[in-house]
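User: I'd like a close look at one part of this protein: the packing inside it. Could you walk me through that, and then through whatever surrounds it?

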Amino acid sequence: MGGPTYRSYLRLPELLDVQSPVSGTHDELLFITIHQASELWLKLCLHELCEARRRIAADDLSPALKMMARVSRIQAQMIQSWEVLATMTPAEYGTMRGSLGGSSGFQSDQYRMLEFVLGNRSPAMAAMFDDEPAVADALRAELARPSLYDEALRLLARRGLPVPPARLDRDLSIAVPADRAVEACWATVYGDPDAYWDLYALAEKLVDLEYHVQLWRFGHLKTVERVIGFKTGTGGTAGAAYLARVLEQRFFPELLNVRTSL
């Protein structure tokens, strides 16, 4: 049979050769596999969300909604992976932890890019990668673009909803606090779903994304607590304490706040 084989098409020899335990312990392969698989899922999330953003900017909502729904399913897979990692006991992790050196999930540029695309932005987070100029440049380029949520609000404005001009024409590189006027725009959408059906569906897809990110973060927190308790994390982070603070971050605050006012 001509053409690619399953192994060659998926480049399985190369893919399966990049799990390289260094501690000599049985459980390190689990740790590496979970994190590498998560990075592949993050790559696909970014692929889908960046295209969804482009479609929203072009007023082409149907495919954007499909892509966002797909990302929510991907996030469910990532959340499930914490249960697999949580089978590693403190003693098992302790035998390999020294091999990690200063590496930490905090250093995942793809996760940082995902947060930037969704709208949780910080130039300081991009500066963390200055020792890898190509990575830092890519993150800063993203900070110069409207986020997925920015494009959603621009769409609301094009549909005649009174999104404040200052919310649309702003420094895109930083996160902004919740805006009552933006909340009022979403209240209009939720108040009459039939008249704003596609915007209503967009709002719910955004809420799905936030919901799954928060579940992923919570799973991360609880897995860390289970495996290392409240020790300092690798890379010098505060470990579980840091992850608990991250749970307070919001991507689309008006979409959560509007539920109280409806």
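Analyst: Let's fix one term before we start: two residues are in contact when heavy atoms of theirs lie within 4.5 Å. Keep in mind, too, that this is a predicted model.

With that cut-off, take L118. Setting aside its neighbours within four places in sequence, L118 is in contact with L49, S147, L148, Y149, L209, V213, F251 and F252. L118 is also among the residues with the most contacts inside the largest nonpolar core, a list it shares with L148, Y149, W186, L202, L206 and L255. So L148 and Y149 turn up twice, as contacts of L118 and as well-connected members of the core in their own right. That core has 67 residues in total, and its largest share, 13 residues, comes from helix α12, which covers residues 197–228. As a rule, nonpolar side chains in soluble globular proteins tend to be buried together.

Now for the charged side chains. The structure holds 18 salt bridges, and a few are worth walking through. One joins E48 and R70, with N and O 2.9 Å apart. This pair ties together distant parts of the chain: E48 sits in helix α3 (residues 28–57) and R70 in helix α4 (residues 61–85), 22 residues apart. The two ends differ in how covered they are. E48 has 6% relative accessibility, and because the cut-off for buried is under 20%, E48 counts as buried. R70, at 39%, counts as partly exposed.

A second bridge stays within one helix. R55 pairs with E51, their closest N and O atoms being 2.9 Å apart; both lie in α3, four residues apart, or about one turn of the helix. Here both partners are partly exposed: R55 has a relative accessible area of 24%, and E51 comes in at 23%. The pair doesn't stand alone either, since E51, R54, R55 and D60 are linked in a network of salt bridges.

The third one is R170 with D150, where the closest N and O atoms are 2.8 Å apart. Again distant parts of the chain are linked: R170 is in the loop between α10 (165–168) and α11 (180–191), D150 is in helix α9 (residues 148–158), and 20 residues separate them. Both R170 and D150 are buried.

What about the empty space? Rolling a probe the size of a water molecule over the atoms shows where it is left. The largest pocket has a volume of about 1100 Å³. Its lining counts 40 residues, with H35, S104, G105, F106 and H220 lying nearest the centre. Helices α3, α4, α5 (90–97), α6 (109–118), α12 and α13 (240–246) each supply at least two lining residues, and α3 gives the most, with eight. By class, you get 18 nonpolar, 16 polar and six charged residues around that pocket. Helix α12 therefore has two roles here: it supplies the largest share of the core and also part of the lining of the largest pocket.

The second largest pocket holds about 200 Å³ of space. A37, L40, W41, K43 and L44 line it, which by class makes four nonpolar, no polar and one charged.

Definitions and conventions. Residues numbered from 1 in each chain as written. Predicted model: local features only at pLDDT ≥ 70, side-chain atom pairs only at ≥ 80, totals over all residues. Heavy atoms only, no water. Salt bridge = Lys/Arg side-chain N within 4 Å of Asp/Glu carboxyl O. Buried < 20%, exposed > 50% of the residue type's maximum accessible area, 1.4 Å probe, protein only. Core = buried A, V, L, I, M, F, W, Y, C linked by side-chain atoms within 4.5 Å. 1 Å grid on protein atoms, 1.4 Å probe; cavity = no way out; pocket = protein on both sides within 12 Å on 5 of 7 lines; lining within 4 Å. Points joined across faces, edges and corners; volume = space filled by probe spheres on them. Nonpolar A, V, L, I, M, F, W, Y, C, P; charged D, E, K, R; others polar.
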